[in-house]
Amino acid sequence: MAYPKEVILRARNILAQKKADRESENSARLAHAYQQVPRIREIDIQLRSTMAAAAKAVFSQGGDAQAAMEQARQENLALQAERKNLVQAHFTPGYLDESPVCPHCGDTGYIGSSMCRCLQQLCALEQQKELGSAFRGGESFENFRLDYYSNTVIPQVKASARSVMEKNLNHCREYARLFSHGVGNLLLFGSTGLGKTHLALAIGSAVGAQGYSVCYETAISLFDKLQKARFTPNEETISQADRLGNCDLLIVDDLGTEMPGQFVTAALYGLLNQRLISGKPMIITTNLTVEETSNRYSPQISSRLYGEFKRLTFLGTDIRVLKNGGMTL
Ligand SMILES: [Zn+2]
């Protein structure tokens, strides 16, 4: 999983804040405990001084260092037992427990060189926020309405729109469930208003919730970002374009609605190749046929889209019309 630098940085800041909050909460509780039961404070001071005395005895090398250590150890154990009893008698369990928020990494976010689960979850949450605007509609598999599609059998495909769409829905759900690097690419093909965007967003949302980095772009905004990185390169424009190439899942909505041109064709070819070579999954929605894709971009792009992508064909009548009219086919 490759989270963008900014997402990791934000997640690490949140973790650092949680650690600081926990520490200040711990010291506030300790101060309260000292006030309520002053003996606990005395014990803490004594505990520190017995350890210091023992350490001094060892370093001074005079007298019996071992006996001094043993005596300090015994005193310590007695003080700790007394402290434990006092805490148990006066406070609720765990009140003076100074454990970190995450017991696995001690709130550092890392176990050795690998990222702890707690930081991964924070990254996933930050990632979701970033996707927020695209996913605002709350599109999910659960709220995809199959009853908007007709049960009438379409002779050319010997199936009804509803049965075809039910298969598409299940395919998308499985794709999201089994998502991993190398899971393959999806081409959601069909006319406008048949639920392609809905299912693409539902996949993006489910995949993002698993902690993968997901980029959603309409074709127009995708090429706009690539164009900016190419013609006005700076840290921000380049990092945005890099994300499109490097995120775990890239969703391009409505391919074919952007202004055509040489730059678009070259940029699309470059992006497709980059992601196909590195096995990074893509979902593209479009209403362009093989022939239209070939004419609009190039035969090479058409063969990538129709050769390297699993195509799901969307059938039916424009769902938005039906939703507005409140009728069912
Ligand atoms: Zn952790």
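Which residues have the most contacts inside the largest nonpolar core? They are Leu 188, Ile 203, Ile 251 and Ile 283. The legends below refer to a predicted model.

**View 1. The largest nonpolar core of the predicted model, with 46 residues.** Helix α6 (residues 196–209) supplies the largest share of this core, 6 residues. A second, separate core has 9 residues, among them Tyr 3, Ala 11, Cys 118 and Cys 123. In soluble globular proteins, nonpolar side chains tend to be buried together.

**View 2. Surroundings of Ile 283.** Leaving aside residues up to four places away in sequence, Ile 283 touches Asn 185, Leu 186 and Leu 188, together with Ala 200 and Ile 203. Its other contacts are Leu 249 and Ile 251. Of these partners, Leu 188, Ile 203 and Ile 251 are listed with Ile 283 as having the most contacts inside the largest nonpolar core.

**View 3. Helix α9, residues 262–277.** At 1.5 Å a residue, the 16 residues of α9 should span 22 Å, and the end C-alpha atoms are 22 Å apart, which agrees.

**View 4. The two sides of helix α9.** Ala 267, Leu 268, Leu 272 and Arg 275 are buried in α9. These four lie on the same side of the helix because they cover an arc of only 130 degrees around its axis. Gln 262 and Ile 277, on the other side of α9, are exposed.

**View 5. Packing of α9 and the residue that follows the helix.** The buried residues of α9 pack against three helices, α7 (219–231), α8 (235–246) and α11 (299–307), and against the strands β7 (249–255) and β8 (282–286). Gly 279, just after α9, takes a positive phi of about 70 degrees.

Technical notes:
Residues numbered from 1 in each chain as written. Predicted model: local features only at pLDDT ≥ 70, side-chain atom pairs only at ≥ 80, totals over all residues. Expected span 1.5 Å × (residues − 1). Buried ≥ 20, exposed ≤ 12 C-beta atoms within 10 Å, placed from the backbone. Arc of directions from axis to C-beta. Contact = placed C-beta atoms within 7 Å. Core = buried A, V, L, I, M, F, W, Y, C linked by C-beta atoms within 7 Å.
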